[in-house]
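User: Could you take a close look at one part of this model and explain how it is placed among its neighbours? I would like a connected account, with the cut-offs behind each term.

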Amino acid sequence: MKKIILTTISTIMVFAPWTILIFRMFDWALLSPVAEIMISCYAAFMIFSGIFTAASYTKAKVQNNLMKVCLVVNGIYAVVGVAAFGMMILPKAM
């Protein structure tokens, strides 16, 4: 039962970052303070998703095929989240 719950959570985490596209259709989401906060929150969530899925895969031994797909996708999301934070911290290096 634990493996099913962890797999379900990781699967939901694969689709959650795409909800930013819905929010970005509103004018208020494009304004300066809101946009940075929203992108920071999504980047933090993507990093957490990658760490959570990796921990579930390795520590909890949830190693089914769906979890392998979630691990790859959430791992890519985590790298993109770290890159987003890096671009916010160092906006114009050089």
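Analyst:
**One residue and the helices around it**

Leaving aside residues up to four places away in sequence, N74 touches S10, M13, V14, M46, S49, G50 and T53, where a contact means heavy atoms within 4.5 Å. The model is a predicted one, in which local features need a pLDDT of at least 70 and side-chain atom pairs count only at pLDDT 80 or more, while totals for chains, interfaces and linings use all residues. Residues are numbered from 1 along each chain as its sequence is written, and side-chain values use heavy atoms, with hydrogens and water left out.

N74 is found in helix α4, and with a relative accessible area of 0% this asparagine is buried; buried stands for under 20% relative accessible area, exposed for over 50%, and partly exposed for what lies in between, using a 1.4 Å probe and protein chains only. The partners of N74 include S10, M13 and V14, which are also among the buried residues of α1, and M46, S49, G50 and T53, which are among the buried residues of α3. The surroundings of N74 are therefore best followed through these helices, which, like any strands, are DSSP runs numbered from the N terminus (H or I over at least four residues for a helix, E over at least two for a strand).

Helix α1 covers residues 2-15, and its 14 residues reach 21 Å from the first C-alpha to the last, close to the 20 Å expected at 1.5 Å a residue; the expected span is 1.5 Å times one less than the number of residues. L6, T7, S10, M13 and V14 are buried in α1. Seen down the axis of α1, these buried residues fall within an arc of 120°, so they line one face of the helix, the arc being that of the directions from the helix axis to the C-beta atoms. An α-helix has 3.6 residues a turn, so residues three or four places apart point the same way. On the other side of α1, I4, I12 and F15 are exposed. What covers the buried residues of α1 includes α3 (32-58) and α4 (65-89).

The pairing of α1 with α4 can be described by its geometry: their axes come within 9 Å and cross at roughly 40°. Here axes are lines fitted to C-alpha atoms, for helices over the stretch in contact, and angles run from 0 to 180 degrees between N-to-C directions. The crossing angle makes α1 oblique to α4, since angles under 35 degrees count as roughly parallel, over 145 as roughly antiparallel, 65 to 115 as roughly perpendicular and the rest as oblique. The crossing of α1 and α4 is left-handed, a term used if the near helix is turned anticlockwise from the far one by less than a right angle, with right-handed used if clockwise. Here L6, T7, S10, T11, M13 and V14 in α1 meet L66, M67, C70, V73, N74 and Y77 in α4, and N74 is thus itself part of the contact described at the outset.

Against α3, helix α1 packs at an angle of about 150°, with the two axes 10 Å apart. The two helices are therefore roughly antiparallel to each other, and their crossing is left-handed. This contact is made by L6, I9, S10 and M13 of α1 together with F45, F48, S49, F52, T53 and S56 of α3. L6, S10 and M13 thus appear in this contact as well as in the one with α4.

Helix α3 itself has 27 residues and reaches 39 Å from its first C-alpha to its last, close to the 39 Å expected at 1.5 Å a residue. Its buried residues are A35, M38, Y42, A43, M46, I47, S49, G50, T53, S56 and Y57, and what covers them includes α1, α2 and α4. From the side of α2 (residues 20-23), which holds F23, contacts of F23 include M38 and Y42, while F23, at 35% relative accessibility, counts as partly exposed.

Between α3 and α4 lies the loop that holds K61, a residue with a positive phi of about 60° although it is not a glycine. Most residues other than glycine have a negative phi. In contrast to buried N74, K61 is exposed, with a relative accessible area of 51%.

For the wider setting, the protein chain has four helices and zero strands, and of its 94 residues 30% count as buried.
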